[in-house]
Amino acid sequence: MTVESTAERGTPRRGTAAKKTAAKKTAAKKTAAKKTAATKAPAKKSAGKKTAGEKAATARRTTARGTAAGGPQDRPAMVQLLTPEGERVEHPDYALDLDADGLRGLYRDMVLTRRFDAEATSLQRQGELGLWPSLLGQEAAQIGSGRALRPDDYVFPTYREHGVAWCRGVDPTNLLGMFRGVNHGGWDPSDNNFHLYTIVIGSQALHATGYAMGVAKDGADSAVIAYFGDGASSQGDVAEAFTFSAVYNAPIVFFCQNNQWAISEPTERQTRVPLYQRAAGYGFPGVRVDGNDVLAVLAVTRAAVERARSGEGPMLVEAFTYRMGAHTTSDDPTRYRPDDELAQWEAKDPILRLRRHLDLTGAADDAFYAAVEEESDVLGRRVRETIRTMPDPDSMAIFENVYADGHALVDEERAQYAAYLASFEPEEN
């Protein structure tokens, strides 16, 4: 039984050949109509029309950049307590009550951290350090989060957390030894609950998760925080850390400093959604905070670590900030970063923002600023003197503690290296 279509009912049947001929004529008419329309299309597109693909790409860039581009409707929610002009605003979920002493303390922390960072950069340029990763522009993200922690909390940093190290009481000069090549770290992690710097991108997230799982099994009332950048968020180690921390409800805070450039790769080439939204896929909350607002970072991180301590599991904090300097001193950001973008973020400088707030509220005076400046000069001199007087390590120490017992290959390499060093010694007459 043949079922006729609505169009065929009441219409005399035609042969198969007739149907094909009619179909070809109809297709020819449609093709002609499309060609006619195509000749008119360029004029419309030149007026500003975008293709669906172009619109999607623009949307992705806007979403990834947050406050850097796009209209308010395109920007993901971001916690802010201090505007770039220094005005205090409130947030329904993250309250913060800080007196004048507390505000001045945060300002002092950021100024001294920036001064130390600037001295280290200069020392590298003078040949005193092999490399230096600057934190310029990220002071609020580091000081705000660092001051939110308790002494019994444990920190797993990358290689750029100089401000967090300052908050944990690590002597700034100890950070320089590894970059000068005279030690493998420079401090005992157990003294300040601050792990050694991690050079391998993203691996510390797994170390922190394992440590947090141990904290939970011990029943300790403390939290763990793991720092990483937007580039590290693309690493499999971070994804695995998210999975394990969620499954085991580990007391950990993942703190991502999204400075928008993973060396020369912008964030929009790494992700289609804001980084903090990734947490939902693993079963725990994420929040984006204005990383240039030290008050907002302090409030959000304090809430996140308290949540972890209370047994509610992990949380992802994305501090939306900007790397105003180079990735490291071996990098040249002028080759890939537009100048106007840098200018926009210089206006949001975290130290300048807090100083504006101190001036607006009368919480600081000229005497306070002068005292901080003098203290920063003293710190700068101490850093320069310490780095230049660091003793060189024993050249042969590199072969020690490689294996618990002796090893023929290590013995052979030790002998070869000793002979190499001896070749530089002056010959006796």
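Here is a short chat about some salt bridges in this predicted model.

Me: What makes Arg147 and Asp109 a salt bridge?
Reply: Their closest N and O atoms are 2.8 Å apart. The cut-off is within 4 Å, so the pair counts. This pair links distant parts of the chain: Arg147 sits in the loop between helix H4 and strand S1, Asp109 in helix H3, and they are 38 residues apart.

Me: Why is Asp109 called buried?
Reply: Buried means under 20% relative accessible area, and Asp109 has just 3%, so the label fits.

Me: And why is Arg147 called partly exposed?
Reply: Arg147 comes in at 35%. Partly exposed runs between the 20% and 50% cut-offs, so that's where Arg147 belongs.

Me: How do you know that Arg307 and Glu312 form a salt bridge?
Reply: Their closest N and O atoms are 3.9 Å apart. That's still within 4 Å, so this pair gets the name too.

Me: Is Arg307 buried or exposed, and what about Glu312?
Reply: Arg307 has 18%, which is under 20%, so Arg307 is buried. Glu312 has 46%, which isn't over 50%, so Glu312 is partly exposed.

Me: What makes Arg353 and Asp290 a salt bridge?
Reply: The closest N and O atoms are 2.9 Å apart, and within 4 Å is what's needed, so yes, that's a salt bridge. Arg353 lies in helix H13 and Asp290 in strand S6, so the pair ties together parts 63 residues apart in sequence. Both residues are buried.

Me: How many salt bridges does the structure hold?
Reply: There are 23. Some of the residues join up: Arg108, Asp109, Arg147 and Glu375 are linked in a network of salt bridges.

Key
Residues numbered from 1 in each chain as written. Predicted model: local features only at pLDDT ≥ 70, side-chain atom pairs only at ≥ 80, totals over all residues. Heavy atoms only, no water. Salt bridge = Lys/Arg side-chain N within 4 Å of Asp/Glu carboxyl O. Helix = DSSP H or I, 4+ residues; strand = E, 2+ residues; numbered from the N terminus. Buried < 20%, exposed > 50% of the residue type's maximum accessible area, 1.4 Å probe, protein only.
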